[in-house]
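Work through the exercises below with the structure open. Each task is followed by a solution in steps.

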Amino acid sequence: HCKNCGNVFSGKFCNNCGQDANTMRLDWKYVYKEFREKLITWNESKLFTIKQLFTRPGNAIRDFIEGKRVNYIKPFSLFFVTAALFAFLYHYFNIDVFSELEASGTDSERSKYQTINLWITGHYSFVTVLTLPLFAIGSYTAFRKQGYNYIEHLVLNTFIASQRMIVHIATFPLLYIYNGTNEIVYITRSLIAVDFVLMVWVYQQFFNKLTFSKSLLMSIISYAIFLALFLVLMGIALLILDLRT
């Protein structure tokens, strides 16, 4: 008899509601079993997902969207873990990516950039989350004829953002070494270039019905849309700072 719905069944799971037939009593043994199984499963899924994101990213993401999901971490879970880790490093070591900009310009401009940098440092995860809908709007607009809805584009770009976060975590020692110097600007520009190349690679695999040249063109348009939206938001942020000062 199923303890959840009362259905009489045979086997390991209730054929009516799906509950496990082996419902153990809630004790320390239960806690240990759940923790061990979930931890092992998550680690296996994490390693598998990360491997796929750097070997066949577009194909893997398309598999996930089309329903082959059992071996993958959910995209938002992976993203929040990687973004939180990078945000911790970014905040803990007080990374300043505006050093070169602060060295030139008026006192007012230097003050604005410093304020923005301090805010980004303290809210890096939040800023990164805000970019996801912008990337999704860009790809949804550029690749709208490929038949995927906005949420599917959001999932696509969330996986890409996780891939990007992993690369940034791996190269974080460079940001730490050059923190506070003019060279850090070149490091961040290089990372932006790497991010763009990865995005093009993923889009080319994901939208595999397009030729490479068509996919590249649509990727550039997608990124341009994202960049325009992001600059508008940055402009609004600067305007707010002007009004406050």
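A crossing of two helices is right-handed if the near helix is turned clockwise from the far one by less than a right angle, and left-handed if the turn is anticlockwise. The model used here is predicted.

**Exercise 1.** Describe how helix H2 packs against H7: angle, class, handedness and contact residues.

Step 1. H2 covers residues 57–65, and its axis lies 10 Å from that of H7 at an angle of about 140 degrees.
Step 2. Angles over 145 degrees count as roughly antiparallel and 65 to 115 as roughly perpendicular, while the rest above 35 degrees are oblique. H2 is therefore oblique to H7.
Step 3. The crossing of H2 past H7 is right-handed.
Step 4. On the H2 side, the contact is made by Pro57, Ile61, Phe64 and Ile65. H7 contributes Glu152, Val155, Leu156, Phe159, Ile160 and Gln163.
Step 5. An α-helix has 3.6 residues a turn, so residues three or four places apart point the same way.

**Exercise 2.** Check the length of H7 against the expected span, then describe its N-terminal end and its burial.

Step 1. The expected span is 1.5 Å times one less than the number of residues. H7 has 21 residues, so it should span 30 Å.
Step 2. The end C-alpha atoms of H7 are 30 Å apart, which agrees.
Step 3. Asn149 caps the N-terminal end, with a side-chain oxygen 3.1 Å from the backbone nitrogen of Ile151.
Step 4. Of the 21 residues of H7, 16 are buried, so the helix is mostly covered.

**Exercise 3.** Is His153 buried or exposed, and which residues does His153 touch?

Step 1. His153 lies in H7, which runs over residues 150–170.
Step 2. Buried means under 20% relative accessible area. His153 has 1%, so it counts as buried.
Step 3. Leaving out residues up to four places away in sequence, His153 touches Ala136, Ser139, Tyr140, Phe143, Tyr148 and Phe207.

**Exercise 4.** Place Asn94 and Phe212 in the chain and classify the accessibility of each.

Step 1. Asn94 sits in the loop between helix H3 (75–92) and helix H4 (99–102). Its phi is near 50 degrees, a positive value in a residue other than glycine.
Step 2. With a relative accessible area of 43%, Asn94 is partly exposed.
Step 3. Phe212 belongs to helix H10 (residues 212–244). At 53% relative accessible area, Phe212 is exposed.
Step 4. Phe212 and Trp201 are eleven residues apart in sequence, with their C-alpha atoms 9.6 Å apart.

Methods:
Residues are numbered from 1 along each chain as its sequence is written. This is a predicted model: local features need pLDDT of at least 70, side-chain atom pairs count only at pLDDT 80 or more; totals for chains, interfaces and linings use all residues. Side-chain values use heavy atoms; hydrogens and water are left out. Helices (H or I, at least four residues) and strands (E, at least two) are DSSP runs, numbered from the N terminus. Buried means under 20% relative accessible area, exposed over 50%, partly exposed in between (1.4 Å probe, protein chains only). Contact means heavy atoms within 4.5 Å. A polar contact is a pair of N or O atoms within 3.5 Å; within protein, one must be able to donate a hydrogen and the other to accept it, and residues adjacent in sequence count only if both atoms are side-chain atoms. Axes are lines fitted to C-alpha atoms, for helices over the stretch in contact, and angles run from 0 to 180 degrees between N-to-C directions.
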